[in-house]
Amino acid sequence: MTVASDQVRQATGRFGEFGGRYVPEALMSALIELEQAWQEARSDAAFGTRLDGLLADVVGRPTPLYLAERFSERAGCRVLLKREDLAHTGAHKINNTLGQVLLATRMGKRRIIAETGAGQHGVATATAAAFFGLPCVVYMGAVDMARQQLNVVRMRMLGAEVVGVEAGSATLKDAINEALRDWVTNVEDTHYVIGSVVGPHPYPALVGDLQAIIGTEARAQVLELEGGLPDEVVACVGGGSNAIGLFRGFYDDDVRLIGVEAAGEGLDKRHGASITAGTQGVLHGALSLVLQDDEGLITHPHSISAGLDYPGVGPEHAWLASTGRAIYESATDEEAVKAFRVLAATEGIVPALEPAHALAHVLRDGAGKGLVLVGLSGRGDKDVAAVAESLAL
């Protein structure tokens, strides 16, 4: 088990000073119930066998590790892609949702709710709920619904009710707020499937545990393919579940871990870089690094990628940054769109705009870095319209 995982198992539910459980009293019993249920389930061989079967037969794991030879020529280093874009529903999100909905059925919950930004978590939750025959409600900001219309249609086709959120910036932060309000009202029979390593304990640990399969697979695959470990592991970071899933496989190795946040229009303008430019604060039930003004009010983030358009980051990332175990960089909208086009043109792979930020970092700073492993967390069907608008195609 990793160092960070050991820490969060403590009763405080923290990664160093970050994390915790800052929630209304009405949710405390539900969070304690969830924590106990997960501790029991992860120690239950039958639960593990069932989950492993779902990951193989429904998700299609293991996902491939792919040497991007022509992209490597552009980057000036050897680039391996962990192809989560080839998982069922097109992103890493399904690893978490299947595990959580399986856990919810074990707990006797009869209704599933979720939030979504880019729509991939919403699609993955709707898929898992449909698989288990449970009703599903997904909250999504109105702005994100407009720019991710394809995923809205997919969720509805899967039987989910998609509820648009007009409040605030009408993006991911506000969708989480509405999902939490729903959960408070219906806590007895409803499980809230949080989509990233954010929120109150035990969610950051639970989601990280379910996504750790990415790093476990990638480490074994790169050893088999290359006979050694990568020099650098790179992943995009919004809330941060794909990055934590990949990073956890390498915590104890002499490998550089690089998280890439959304610099948006620039760090001196609108952006979503909570680690690079944020400060300590409480958001959605956990102490972490957040974007806030001098009075502690959460500010509106910006990214061309809906999945990185979030004013905070998971507490495990804040802990990794504070200890220096991981380094956090950023990439602008313009750089992400360029990387999107380069990968498509050199490898025939259309990435999501979220991992395009990680690819942008490699194109910018990868020269001479040796072997670099990049988490390709999702495919870009959902982002084609946004990229076309950006480039006036």
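How many bridges link strand β4 to β14, and in which sense do the two strands pair? They pair in the parallel sense, over six bridges, with β4 covering residues 78-83. Keep in mind as you look around that this is a predicted model.

Let's stay with β14 for a moment. This strand runs through residues 371-376, and six of its six residues are buried. Now look at which way those residues point. L371, L373 and G375 head one way, while V372, V374 and L376 head the other way, and all of them are buried. That fits a general pattern: in a regular strand, side chains alternate between the two faces of the sheet. To find the link to β4 on screen, pick out L81, whose bridge partner in β14 is V374. There is also a pairing with strand β9, residues 232-236, again in the parallel sense but over three bridges. Here the spot to look for is E232, which stands opposite V372 of β14.

Next, hop over to a single residue, A179, which sits in helix α9, residues 172-185. A179 has a relative accessible area of 0%, and because anything under 20% counts as buried, A179 is buried. So who is around it? Leaving out residues up to four places away in sequence, A179 touches I113, A114, E115, Y139 and Y192. V138 is worth finding too: 41 residues separate it from A179 along the chain, yet their C-alpha atoms are 7.9 Å apart.

Now for some helix packing. Take helix α3 (residues 45-59) and helix α5 (residues 93-107), whose axes come within 10 Å and cross at roughly 140°. The two helices are therefore oblique to each other, and their crossing is right-handed. On the α3 side, the contact is made by F47, R50, L51, L54, L55, V58 and V59, and on the α5 side by I94, N95, L98, G99, L102, L103 and R106. Sorted by class, that contact has 10 nonpolar, two polar and two charged residues.

Finally, turn to helix α15 (residues 333-347) and helix α17 (residues 384-391). They pack at an angle of about 110°, with their axes 11 Å apart. That angle makes α15 roughly perpendicular to α17. This crossing is left-handed. V337, F340 and R341 of α15 meet V387, S390 and L391 of α17. By class, the contact has four nonpolar residues, one polar and one charged.

Note on methods: Residues numbered from 1 in each chain as written. Predicted model: local features only at pLDDT ≥ 70, side-chain atom pairs only at ≥ 80, totals over all residues. Heavy atoms only, no water. Buried < 20%, exposed > 50% of the residue type's maximum accessible area, 1.4 Å probe, protein only. Helix = DSSP H or I, 4+ residues; strand = E, 2+ residues; numbered from the N terminus. Pairing = 2+ DSSP bridges. Contact = heavy atoms within 4.5 Å. Axes fitted to C-alpha atoms, helices over the stretch in contact; angles between N-to-C directions. Parallel < 35°, antiparallel > 145°, perpendicular 65-115°, else oblique. Left-handed = near helix turned anticlockwise from the far one by under 90°. Nonpolar A, V, L, I, M, F, W, Y, C, P; charged D, E, K, R; others polar.
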